[in-house]
Amino acid sequence: MKENYCLQAALVCLGMLCQSQAFSAERRSHLRPSFHGHHEKGKEGQVLQRSKRGWVWNQFFVIEEYTGPDPVLVGRLHSDIDSGDGNIKYILSGEGAGTIFVIDDKSGNIHATKTLDREERAQYTLMAQAVDRDTNRPLEPPSEFIVKVQDINDNPPEFLHETYHANVPERSNVGTSVIQVTASDADDPTYGNSAKLVYSILEGQPYFSVEAQTGIIRTALPNMDREAKEEYHVVIQAKDMGGHMGGLSGTTKVTITLTDVNDNPPKFPQSVYQMSVSEAAVPGEEVGRVKAKDPDIGENGLVTYTIVDGDGMELFEITTDYETQEGVVKLKKPVDFETKRAYSLKVEAANVHIDPKFISNGPFKDTVTVKIAVEDADEPPVFLAPSYIHEVQENAAAGTVVGRVHAKDPDAANSPIRYSIDRHTDLDRFFTINPEDGFIKTTKPLDREETAWLNISVFAAEIHNRHQEAKVPVSIKILDVNDNAPKFAAPYEGFICESDQTKPLSNQPIVTISADDKDDTANGPRFIFSLPPEIIHNPNFTVRDNRDNTAGVYARRGGFSRQKQDLYLLPIVISDGGIPPMSSTNTLTIKVCGCDVNGALLSCNAEAYILNAGLSTGALIAILACIVILLVIVVLFVTLRRQKKEPLIVFEEEDVRENIITYDDEGGGEEDTEAFDIATLQNPDGINGFIPRKDIKPEYQYMPRPGLRPAPNSVDVDDFITARIQEADNDPTAPPYDSIQIYGYEGRGSVAGSLSSLESATTDSDLDYDYLQNWGPRFKKLADLYGSKDTFDDDS
């Protein structure tokens, strides 16, 4: 720091000296005479000229950053006409005049009163003038000059960025360009070496170097390995003054990262991998993993795995997990511990992308041996066949052997096997199985006509471990036995025309019949049709077998008459060809019908002859008309009778006494004589008088007969009820039919009044029962009773 101040002071002195010399030379070189005025003639005719001296200044210099105690002398203005008597006044104007630059108006000396910075302003333009001090008359023309600020090395170099980041591939050749750093200097590049920069490297050797003039950073060592060191920190310095002593400097940091190239082959960390797999494992299950290490990253570190050799190539496979870069060994086919207990594989790991520049580093792959041991597992039994088909005849006796299923334990222990039938497949329990040997037997006779095939499932389980079981389907075919006789294929019915005896017989059959047999075709290849032996010589009809499982029924004679016999029942015997053969007798109905001349049927109804012999059509119509008239009369009579009975009963909405009110008070039984008082059923107001009925309006006053009403204190309920019945029967105002007698009297003398709600609709109440309308159909009657008041009010 002290050296800088000394250097600065020396430069200031040197600058002032140079300025003084330059100023003198400038004055001498730029001060030139200027002739102004007129020509005068002398006595001898010579022209006399008067010259006038003038000034012109070009530029002054002032050094920047001067920090001395006195103002810096920039220069001096002086006119040739200035004799030094003080009559001339010097004036300075322009940029910075009076503030930065001041002038002594007598001597013309110009001083800089402030410290100047060339980087802020490099020059100032001023105007100088000399005037008469008393009259301010210009003595010299105004002259413009420039004051230049002379540069000193007061600005250090600065880089464009504080830090730089760059990448370069690993193993690059020496001199590979990495990045260029650039610095700038605010000093004047045209004056001296203040802005002449030189770059050098302070940190980062011997890996990198920098060009002194350009700032380009290059690699300095060959075969730099990213896997050894990936990132480097380099410090670059820029120094002015051409790098010489006393120059200012600036630094920047450069972070250089080595990018990866595929220069490392994959390598297994061990030569053998040991794995195991259970024989119960299913294909696709993972057995184990191997991993070859590759220090490269990205696509340069991608590794793929393959099985190249081994006795387990058909049973195992390997895939690549690209997220973990592992080889996943999986089971391809099931393995059997009892067959083979160990397998060996040779697995290869190879790079996916290979850089040809580094192929000389060796093959980019590696191999490893994988040994896989098969573990024993408790396996379920195995049936000797995937499915079984057995046969049994229908109607076979219970206990008939159908067939056998057989399973064994594949494990080395060879555990005993127990068999069972899946009852979900044999709901009717047609079969049973021997749990030890697997023989299947019937439990009941089977009918092929109901089911021709039965499908069941059989379980085989180890005795010591019931959870280990196997299942096999068993199909059982029911063989046919000729146990069904043939029958008519349809309910046949024949028709024959009545004719004369002399009319020739037709060669056409009355009807062609066929048969149906539920048995298999093997037990009924052909049906035989015939008449029973007892009527084989039937005089009316005969049967001709067509030998194609059909037969025709023919008439043996003519002259059939409906009046004699309109219906014939012909038995026909049908036999099948089974062993032994089965036969059945079927009845064919043959009707005698009336036909036209062409043989077309007209009528087969025998009643037509009876009707013709009796009543005519007109008589039948008359009978029907009489029946209709009688029915009309009966309907009118019933209607009139109902209309007469309607006024006897008055149905009013407000008459609520027709409702039967049930009180669930059972009392104490027959021995409880104090729990019930018959007097409470008697109306005290009606003991000595007649109480009129409330359901009708009587036409006259009825006086009850004396002696029929029991005493008020009587407790004989039978007498009381008998008296009420007699009173009702003898009441002329009562309807002539049974009715329910209603007693609406509850007693008197109660302080609280009547508790009955039957007549509450007719009493005034402040309660609002409109909510009963929203309680649904079950409360409709209550809603009608308690809501009728509002209805009446609305109507009124």
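Q: Buried means under 20% relative accessible area, exposed means over 50%, and partly exposed is whatever lies in between, using a 1.4 Å probe and protein chains only. Into which of these classes does Lys-365 fall?
A: This is a predicted model, in which local features need pLDDT of at least 70 and side-chain atom pairs count only at pLDDT 80 or more, while totals for chains, interfaces and linings use all residues. Residues are numbered from 1 along each chain as its sequence is written, and side-chain values use heavy atoms, with hydrogens and water left out. Because the relative accessibility of Lys-365 is 46%, this residue counts as partly exposed.

Q: Which residue meets Lys-365 in a salt bridge?
A: A salt bridge is a side-chain nitrogen of Lys or Arg within 4 Å of a carboxyl oxygen of Asp or Glu. The side chain of Lys-365 has such a contact at 3.9 Å, N to O, and the partner is Glu-348.

Q: How many residues apart are Glu-348 and Lys-365, and which strands hold them?
A: Strands (E, at least two residues) and helices (H or I, at least four) are DSSP runs, numbered from the N terminus. The two residues, joined in a salt bridge at 3.9 Å, lie in distant parts of the chain and are 17 residues apart, with Lys-365 in strand 27 (residues 365-375) and Glu-348 in strand 26 (residues 342-351).

Q: Where do Arg-171 and Asp-263 lie, and how many residues apart are they?
A: The side chains of Arg-171 and Asp-263 meet in a salt bridge with an N to O distance of 2.6 Å. Arg-171 is in the loop between strand 13 (163-169) and strand 14 (177-180), and Asp-263 is in the loop between strand 20 (249-259) and strand 21 (272-278), so far along the chain that the two are 92 residues apart.

Q: Is Asp-263 buried or exposed?
A: Its salt-bridge partner Arg-171 is partly exposed, with a relative accessible area of 25%. Asp-263, in contrast, has a relative accessibility of 4%, and therefore counts as buried.

Q: How many residues apart in sequence are the parts that Arg-526 and Asp-545 tie together?
A: The side chains of Arg-526 and Asp-545 form a salt bridge at 3.8 Å, N to O. Arg-526 lies in the loop between strand 39 (511-516) and strand 40 (528-530), whereas Asp-545 belongs to strand 41 (residues 541-545), so the parts that the pair ties together are apart in sequence by 19 residues.

Q: How many salt bridges does the structure hold?
A: Beyond single pairs, a network of salt bridges links Arg-226, Glu-227, Glu-230 and Asp-260. For the structure, the number of salt bridges is 20.

Q: Which strand pairs with strand 44 in the parallel sense?
A: Two strands pair if DSSP finds at least two bridges between them. Strand 43 (residues 567-575) pairs with strand 44 over nine bridges in the antiparallel sense, and strand 45 (residues 601-603) runs antiparallel to strand 44 and is joined to it by two bridges. The parallel pairing with strand 44 (residues 583-595) has five bridges and is made by strand 38 (residues 493-497).

Q: Which residue in the turn between strand 44 and strand 45 has a positive phi?
A: Strand 44 and strand 45 are joined across the bridge between Gly-594 and Ser-603. These strands form a hairpin with five residues between them, and the turn residue with a positive phi, of about 90°, is Gly-599.

Q: Is the disulfide of Cys-497 and Cys-595 left-handed or right-handed?
A: A disulfide is a covalent bond between the sulfur atoms of two cysteines, and the criterion here is a pair of cysteine sulfur atoms within 2.5 Å. The sulfur atoms of Cys-497 and Cys-595 are 1.8 Å apart. Because the torsion about their S-S bond is about -85°, the disulfide is left-handed.

Q: How many residues apart in sequence are the parts that Cys-593 and Cys-604 tie together?
A: Cys-593 and Cys-604 are joined by a disulfide with an S to S distance of 1.7 Å, and the link is right-handed, with 105° about the S-S bond. Cys-593 lies in strand 44 and Cys-604 in the loop between strand 45 and helix 2 (607-613), so the parts they tie together are apart in sequence by 11 residues.

Q: Is Cys-593 buried or exposed?
A: Its disulfide partner Cys-604 has a relative accessibility of 28% and counts as partly exposed. Cys-593 has a relative accessible area of 0%, and is therefore buried.
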